Amino acid sequence: MNERLTVRQIQEKKRRKEKIVVLTAYDYPLASLLDRCAVDIILVGDSLANVVLGLDSTTQVGMTEMLHHAKAVRRAVRRALLVGDMPFEAYQKSPEKSVENARRFVEEAGCDAVKLEWFARCPQVARDIIRAGIPVMGHVGLTPQTAEQLGGFKTQGKDAGSARKILQNALTLQKQGCFSVVLECIPTPLAAMITQRLSVPTIGIGAGAGCDGQVLVTYDLLGLFDRFTPKFVKRYARLDKAILDGVGRFCADVRKGKFPDEQHSYAMAPEEFKKLKGK
Ligand code: KIV
């Protein structure tokens with residue numbers, strides 16, 4: 001299928017019990033490969049901060065960086081639903097600006113939807129954006145933008161009280177009209193329970209196999225980011241090794257004068273070269 005997936009088609013997958021595949025992308029070449037693999041949702045995540053820009057926190061990227069990368073991804077994506085991740089500054093600092101920023105993801109970068117991490121005023125912000133006609137994906141559990149307030153990068157909802165709050169947050173976001181909800185770093189039984197209680201799809205990351213879909217940061221699964229590796233990451237490829245090997249051989253060839261050879265160089269008609277030298 002080459003047509004662009006819609007929010008409704010993503011939601012139908014839950015009803016049909018078809019798992020939803022979600023991955024992150026930040027640039028044209030990677031997004032193009034993910035789309036060719038028939039990934040259902042491509043998320044331009046604010047994980048851009050860590051895995052691409054080498055920053056320590058996702059709160060360090062803003063609208064300028066997110067839109068720049070979302071536009072590159074849009075040029076590559078033909079089939080997947082494209083979701084832009086609202087950075088911290090887009091709605092947490094000034095919730096009143098959230099609709100305007102969500103609109104920029106759609107109008108300037110061509111995204112189909114935006115994602116919002118849970119925070120105190122998240123339900124109102126989600127509702128306002130949805131009322132403006134922009135589909136919203138919620139995000140509860142471990143929310144990296146406010147991880148400090150949650151005691152750091154730790155599994156959330158391990159006791160009944162905090163688990164109940166996460167379930168409540170997910171239900172609230174569904175009530176406000178979110179079309180799906182990301183569940184990050186929560187125990188498997190809690191994620192399975194939330195998945196059963198919600199009619200919209202749940203997308204898990206470190207939330208076990210009971211979710212309606214799964215998301216990972218693509219650079220993690222491809223072996224392109226090694227500053228830290230959460231327990232929930234599985235490496236499906238070692239592109240770091242492939243790159244070190246390829247670049248290492250290029251360096252050696254250049255240093256030995258073996259590259260470029262004739263096959264990778266341009267010839268010039270000898271008489272033309274003679275004329276050139278004669279001048
Ligand atoms: O920014 C991101 O990549 C994310 C996913 C990990 C869900 O929010």
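In which loop is glycine 133 found? The first legend answers this; all views are drawn from a predicted model.

**Figure 1. Glycine 133 and its loop.** Glycine 133 is found in the loop between helix 7 (122-131) and strand 5 (136-141). Its relative accessible area is 59%, so glycine 133 is exposed. The view can be extended to glycine 204, which is 71 residues away in sequence. From C-alpha to C-alpha, glycine 133 and glycine 204 are 25 Å apart in space.

**Figure 2. The protein chain and its two domains.** The chain is divided into domain 1, residues 7-237, and domain 2, residues 242-278. Taken over C-alpha atoms, the centres of domain 1 and domain 2 are separated by 46 Å. A box of roughly 85 × 40 × 35 Å along the principal axes holds the C-alpha atoms of the protein chain. The secondary structure consists of 12 helices and 8 strands. Of the 279 residues in the protein chain, 48% are buried.

**Figure 3. The shell of residues around the ligand.** Around the ligand are Thr24, Leu43, Gly45, Asp46, Ser47, Asp85, Lys115, His139, Ile205 and Val217. This shell divides into 3 nonpolar, 4 polar and 3 charged residues. Aspartate 46 has a polar side-chain atom 3.0 Å from an oxygen atom of the ligand. For aspartate 85, the distance from a polar side-chain atom to an oxygen atom of the ligand is 3.1 Å. Lysine 115 also places a polar side-chain atom by a ligand oxygen atom, at 3.0 Å. On its own the ligand has 250 Å² of accessible area, and the protein covers 95% of that area.

**Figure 4. Threonine 24, between the ligand and tyrosine 26.** Threonine 24 is one of the residues around the ligand, and its place is in strand 1. With a relative accessibility of 2%, threonine 24 counts as buried. The side chains of threonine 24 and tyrosine 26 are joined by a polar contact of 2.9 Å. Tyrosine 26 is itself buried, and its ring is the subject of the next view.

**Figure 5. The aromatic pair of tyrosine 26 and tyrosine 219.** The structure holds 4 aromatic pairs. In one of them, tyrosine 26 and tyrosine 219 meet edge-to-face, with 5.6 Å from centre to centre and 80° between the planes. Tyrosine 26 lies in the loop between strand 1 (20-24) and helix 2 (28-36), and tyrosine 219 lies in helix 10 (residues 218-221), so the pair ties together parts that are 193 residues apart in sequence. Both tyrosine 26 and tyrosine 219 are buried.

**Figure 6. The aromatic pair of phenylalanine 250 and phenylalanine 259, with the cis bond beside it.** Phenylalanine 250 and phenylalanine 259 form an edge-to-face pair, with 5.7 Å from centre to centre and 65° between the planes. Phenylalanine 250 counts as partly exposed, at 45% relative accessibility. Phenylalanine 259 also counts as partly exposed, at 36% relative accessibility. Most residues other than glycine have a negative phi, and most peptide bonds are trans. The bond that joins phenylalanine 259 and proline 260 is a cis peptide bond, with omega about 0°. Proline 260 has its place in the loop between helix 11 (239-255) and helix 12 (270-278).

**Figure 7. Lysine 17, with a positive phi.** Lysine 17 is not a glycine, yet its phi is positive, about 60°. The residue lies in the loop between helix 1 (7-15) and strand 1. Its relative accessibility is 74%, so lysine 17 counts as exposed.

**Figure 8. Alanine 38, with a positive phi.** Alanine 38 has a positive phi of about 65°, although alanine 38 is not a glycine. Its place is in the loop between helix 2 and strand 2 (41-44). At 37% relative accessibility, alanine 38 counts as partly exposed.

Key
Residues are numbered from 1 along each chain as its sequence is written. This is a predicted model: local features need pLDDT of at least 70, side-chain atom pairs count only at pLDDT 80 or more; totals for chains, interfaces and linings use all residues. Side-chain values use heavy atoms; hydrogens and water are left out. Domain bounds come from an automatic or database domain assignment. A residue is near a molecule or strand if one of its heavy atoms lies within 4 Å of it. A polar contact is a pair of N or O atoms within 3.5 Å; within protein, one must be able to donate a hydrogen and the other to accept it, and residues adjacent in sequence count only if both atoms are side-chain atoms. Accessible areas come from the Shrake-Rupley method with a 1.4 Å probe; for residues, only the protein chains shown count as cover. Ala, Val, Leu, Ile, Met, Phe, Trp, Tyr, Cys and Pro count as nonpolar, Asp, Glu, Lys and Arg as charged, and the others, Gly among them, as polar. Rings of Phe, Tyr and Trp (its six-membered ring) pair if their centres lie within 6.5 Å; planes under 30 degrees apart count as stacked, over 60 as edge-to-face and the rest as tilted. Helices (H or I, at least four residues) and strands (E, at least two) are DSSP runs, numbered from the N terminus. Buried means under 20% relative accessible area, exposed over 50%, partly exposed in between (1.4 Å probe, protein chains only).
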